[in-house]
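This report introduces a protein model to a reader who has not met it before. Please view the sequence and the structure together before reading on.

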Amino acid sequence: MNAVEILHASDYNLDRAFIEVLDNQQHHLSNGQVLNNLTLLVQHRIQYLETKKSRSKEVDFLAQEQYIWKLLGVVSRIQPSDPASFQCSQIKSFFESLPNPNASEEEDMVAEVEEEIRDLVRRNRLHYRTPKSSVEFESLNKRIFQCIRKGNTKEALSISLTEDNPWRTMLLERYLDNIDRLKAGDTLDWLPEQRTAWRKTYETVLSGAGMGQYEEALHGVITGETSHVLPVCWSWEDVIWTFYNARIQEAVDDQIYQSERRSTYLLSDEFVKISRTKDDSLSDPCVLFFHTVVSAILTGTVSSLFIQILSALRNESNEHAERPLWISINIREHVLRFTAALILYYRQYFNEPATAESNEIMRLYAESNGKADTLRPKVLALYASHLFKSTQIELVSAFLSNFEWDEEEQSILYDMGRQYGLDMTAIARCTAAKEIESYLEENKIASQRRIPRRIRFDDDISDSAKRCLRNFNWLLLDERLYFKAVSFANQLIRHAIETGRSQLAEAVLTHLPDSITNRCVLQLGGERSDELFELENYRLRFLPSV
């Protein structure tokens with residue numbers, strides 16, 4: 001099924017839809033297919049909510065989440081053997097595709113009008129005047145810079161050409177052509193002496209006085225000199241883009257001069273700190289979360305990210321985090337779903353080791369899918385299967401004992417658990433033992449009272465006893481637990497006898513058919529069992545006609 005069909009089959013619920021993609025044992029999807037499907041699921045969920053005219057915080061969160069899966073799609077296509085210039089070109093293109101948080105409608109309208117004028121000039125072969133004032137020239141440089149920043153290379157060149165500035169146009173053409181070639185994985189044909197001369201020429205240009213901020217920034221973009229570009233970076237995204245643009249030029253230098261330095265796409269700590277100075281997302285928890293996750297992916301520190309997210313989910317302060325992460329109650333469930341999926345993805349495709357923090361996040365998310373209003377057993381089973389066995393048993397056992405399942409539902413849940421690799425034998429044993437022992441303990445005082453030996457005509461099976469019997473049935477789903485079932489049955493019947501509850505004794509025997517005890521006899525190979533002998537005596541006593 002494609003993403004649309006998966007989401008529709010999951011009643012447009014992302015929790016259910018995600019596991020249809022992430023359950024790699026069932027579907028065997030490639031890394032790229034998984035990320036593409038997750039991105040599309042989020043996008044189609046947004047469209048679904050918009051058709052419902054929903055204004056919930058979920059829409060805001062999903063609008064940011066889609067870009068994280070897209071970024072991982074970019075990262076997944078990068079191979080360690082790829083040139084650093086290619087790696088950084090891919091990340092740079094990703095940031096060019098993001099919405100510009102500082103773009104205003106007024107600026108967009110001005111840009112559209114100017115483009116229409118330039119188109120009119122081209123079609124009518126008119127001469128478009130070159131700006132004469134420094135203000136006009138700086139405004140022009142700003143427009144070209146913004147086009148390059150957004151990846152609109154054709155528009156940047158078009159502006160420069162119509163303004164009749166051949167020197168700048170030549171520099172832009174060379175820079176943009178190089179970027180396109182590097183993005184395609186090609187190498188550049190510069191000679192070392194050519195590159196050195198080019199660098200010296202630019203050093204002379206940039207040392208001149210009277211240059212506007214955006215003119216200087218344009219030269220900084222072309223040369224990769226971040227100190228000239230950062231003054232016109234107004235957002236977190238601008239700073240990260242500037243880093244990757246500079247890293248591309250650095251990688252080109254390494255290639256031309258045959259440097260042994262091995263660069264990668266990983267973001268430097270220095271630029272992480274600089275980007276935070278331009279980040280105004282503290283008032284928006286969705287954007288703040290997005291920036292935090294992307295920074296962790298690009299610095300290769302997702303393990304630290306999971307520690308930070310867990311602290312935020314617990315409302316704890318993380319003394320090791322330079323900037324605290326704030327997760328509002330409105331997005332908590334979405335953060336849990338996304339983070340659990342991210343952990344699972346990293347474990348499957350990047351061999352990310354399990355940690356106490358990532359396991360706890362997975363446990364919290366699995367547990368959240370076992371509530372009455374969020375009952376998703378399949379989701380719980382998948383995530384529980386990636387936890388340590390002791391946690392897995394405790395979590396699933398608590399879930400199974402919290403609801404009044406009938407026998408058919410118990411059988412379905414048991415088979416589902418086995419399908420996901422859960423230790424259902426241990427889980428069933430734990431579930432039954434916990435409920436039976438709890439029932440016996442609760443009735444300990446009653447069992448110590450002296451009960452008259454007479455037949456009781458009232459229904460002596462209490463609600464707690466009925467709950468106990470329902471959970472007793474878990475022992476009957478696996479023949480490896482049959483002897484345990486016999487043992488617990490004897491304990492319950494002894495209690496029933498001591499408290500004068502004959503109907504309880506009959507109910508226990510009814511729950512344990514002859515076929516199970518016969519199976520136990522076969523497993524023993526004819527050897528005598530005190531437990532089976534005791535049970536058969538109870539059967540003759542309470543069910544003589546059977």
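## Two helix pairs

In this predicted model, helix 10 (residues 166–183) and helix 14 have axes that come within 12 Å and cross at roughly 80 degrees. Because of that angle, helix 10 is roughly perpendicular to helix 14. On the side of helix 10, the residues that meet the partner are Tyr175, Ile179 and Leu182, and on the side of helix 14 they are Asn245, Ile248, Gln249 and Val252. By class, the residues of this contact are five nonpolar, two polar and no charged.

A second pair is formed by helix 16 (residues 285–299) and helix 17 (residues 302–313), whose axes come within 8 Å and cross at roughly 150 degrees. Helix 16 is therefore roughly antiparallel to helix 17. The crossing of helix 16 and helix 17 is right-handed. Helix 16 contributes Phe289, Thr292, Val293, Ala296 and Ile297 to the contact, while helix 17 contributes Val302, Leu305, Gln308 and Ile309. The residues in the contact of helix 16 with helix 17 comprise seven nonpolar, two polar and no charged.

## The chain and its core

The protein chain holds 29 helices and two strands. Of its 546 residues, 51% are buried. Among contacts in the chain with a separation of 6 or more, 69% join residues 24 or more positions apart.

In soluble globular proteins, nonpolar side chains tend to be buried together. The largest nonpolar core of this model has 163 residues. Which of its members touch the most other members? They are Leu41, Trp69, Ile91, Phe95, Leu298, Tyr383 and Phe472. Leu298 can be followed in detail: leaving aside residues up to four places away in sequence, Leu298 touches Leu71, Ile91, Phe95, Ile240, Tyr244, Tyr265, Leu266 and Leu267.

## Residues in the loops

Several loop residues deserve individual description. Asp11 is found in the loop between helix 1 (3–9) and helix 2 (14–22). Its phi is near 55 degrees, a positive value in a residue other than glycine. Gln258 lies in the loop between helix 14 (236–256) and helix 15 (269–277). Gln258 also has a positive phi, of about 55 degrees, although it is not a glycine.

Arg501 is placed in the loop between helix 26 (482–498) and helix 27 (502–511). Although Arg501 and Ile461 are 40 residues apart along the chain, their C-alpha atoms are separated by 7.6 Å. Lys150 is located in the loop between helix 8 (134–149) and helix 9 (153–162). The C-alpha atoms of Lys150 and Phe94 are separated by 9.9 Å, and these residues are 56 positions apart along the chain.

Are these loop residues buried or exposed? The table gives the relative accessible area and the resulting class of each.

| Residue | Relative accessible area | Class |
|---|---|---|
| Asp11 | 60% | exposed |
| Gln258 | 69% | exposed |
| Arg501 | 19% | buried |
| Lys150 | 35% | partly exposed |

The cut-offs explain these classes: a residue is buried under 20% and exposed over 50%, and partly exposed in between. Arg501 is buried because its relative accessible area is 19%, and Lys150 counts as partly exposed because its value is 35%.

Terms used:
Residues numbered from 1 in each chain as written. Predicted model: local features only at pLDDT ≥ 70, side-chain atom pairs only at ≥ 80, totals over all residues. Heavy atoms only, no water. Core = buried A, V, L, I, M, F, W, Y, C linked by side-chain atoms within 4.5 Å. Buried < 20%, exposed > 50% of the residue type's maximum accessible area, 1.4 Å probe, protein only. Contact = heavy atoms within 4.5 Å. Axes fitted to C-alpha atoms, helices over the stretch in contact; angles between N-to-C directions. Helix = DSSP H or I, 4+ residues; strand = E, 2+ residues; numbered from the N terminus. Parallel < 35°, antiparallel > 145°, perpendicular 65-115°, else oblique. Left-handed = near helix turned anticlockwise from the far one by under 90°. Nonpolar A, V, L, I, M, F, W, Y, C, P; charged D, E, K, R; others polar.
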